[in-house]
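Please open the model in your viewer and keep the sequence alongside, since this tour moves from one selection to the next.

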Amino acid sequence: MQLVWLHGPPAAGKLTVAKALQRNHNFKLFHNHLAVDLSMAIYDAFGDKDFHHFTNSIRRQTLSKANELGVARMVMTFMTCAQEDEKEIRRYLDFFESEGIEVYPVQLHPRHDVLLSRSVSVERQQSHKISCRDHLSELLSEWQFLPIEHKNALQIDNSEQSPEDVARQIIADLLTR
C-alpha cells in the first residue's frame, strides 16, 4: 500500500488536499479527526489519560486493516510537530516499515497569514479543530512544525496553490520514486 501522510500545522489544508487525492486520484481517505472524534466519544477531554495512545492505536489498526484488505492507495492526515512528536513519528515510521506500507510524508506549510485566515472557516468551527485565530497564533509561536525526515519526504508551500494542484504535485512526486 502507498500511504501519503499529509502533515503540518492546523489549517494547513491537509484535509482539503486529502479530499482532492481521494476525489481525483483514487485514494482512500483516513483523516485525523476520524480517530480523534471516535476517541472523544469516550474520553472526557482531548488529551485526557491515555487519549493519545488510544487514538494512535486506532490509526495503526485501521492502516493495518487497509493494508491487509489490499487498499492500493491511502491518504492520512495528521497534525504533527516534529519537535513535540518525535517519538510518535518514529513509532509510526517503524510501524509502516513492519507492515510493508510505502509511506510518503508530505508536509504542507503555508505562510502564517494564510494559516490564520483559514483557521476561522465554518468547516473548522463545526468540528474539534482549532478554529480560533488567537489560539492558532499562540500555537504557531510555541511549536515549530517541521517536516518528517524520510527518504520519500516532500514539502509543499500551498499558500497560493489549489488543493487539486497540490494533489497533482504529490502524484507527480510519487510516480518519480
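Leaving aside its neighbours within four places in sequence, which residues is I170 in contact with? Before selecting them, note that this is a predicted model, in which local features need pLDDT of at least 70 and side-chain atom pairs count only at pLDDT 80 or more, while totals for chains, interfaces and linings use all residues. Residues are numbered from 1 along each chain as its sequence is written, and side-chain values use heavy atoms, with hydrogens and water left out.

Now select I170 and display its partners: V4, L6, V17, L21, V106, L154 and I156 are in contact with I170, where contact means heavy atoms within 4.5 Å.

Next, widen the selection to the largest nonpolar core, which has 23 residues and in which V4, L6, L21, V75, V106, L108 and I170 are those with the most contacts. Such a core is a set of buried Ala, Val, Leu, Ile, Met, Phe, Trp, Tyr and Cys residues joined through side-chain atoms within 4.5 Å, and buried means under 20% relative accessible area, exposed over 50%, and partly exposed in between, with a 1.4 Å probe and protein chains only. Two or more residues of this core come from each of β1 (2–7), α1, β4 (102–108), β5 (154–156) and α8; helices here are DSSP runs of H or I with at least four residues, strands are runs of E with at least two, and both are numbered from the N terminus. For a second, separate core, which has 18 residues, select L63, M76, F78 and L93 among its members.

Return to the helices and show α1 (residues 14–25) with α8 (residues 163–175), which pack at an angle of about 70° with their axes 8 Å apart. The axes are lines fitted to C-alpha atoms, for helices over the stretch in contact, and angles run from 0 to 180 degrees between N-to-C directions. The two helices, α1 and α8, are therefore roughly perpendicular to each other, a term that covers angles of 65 to 115 degrees. To see the contact itself, select T16, V17, A20, L21, R23, N24 and H25 of α1 together with P163, E164, V166, A167, R168, I170 and I171 of α8.

Finally, select K19, whose place is in helix α1. At 32% relative accessibility, K19 counts as partly exposed, and a distance drawn from its C-alpha atom to that of L29, 10 residues apart along the chain, should read 7.1 Å.

Definitions and conventions. Parallel < 35°, antiparallel > 145°, perpendicular 65-115°, else oblique.
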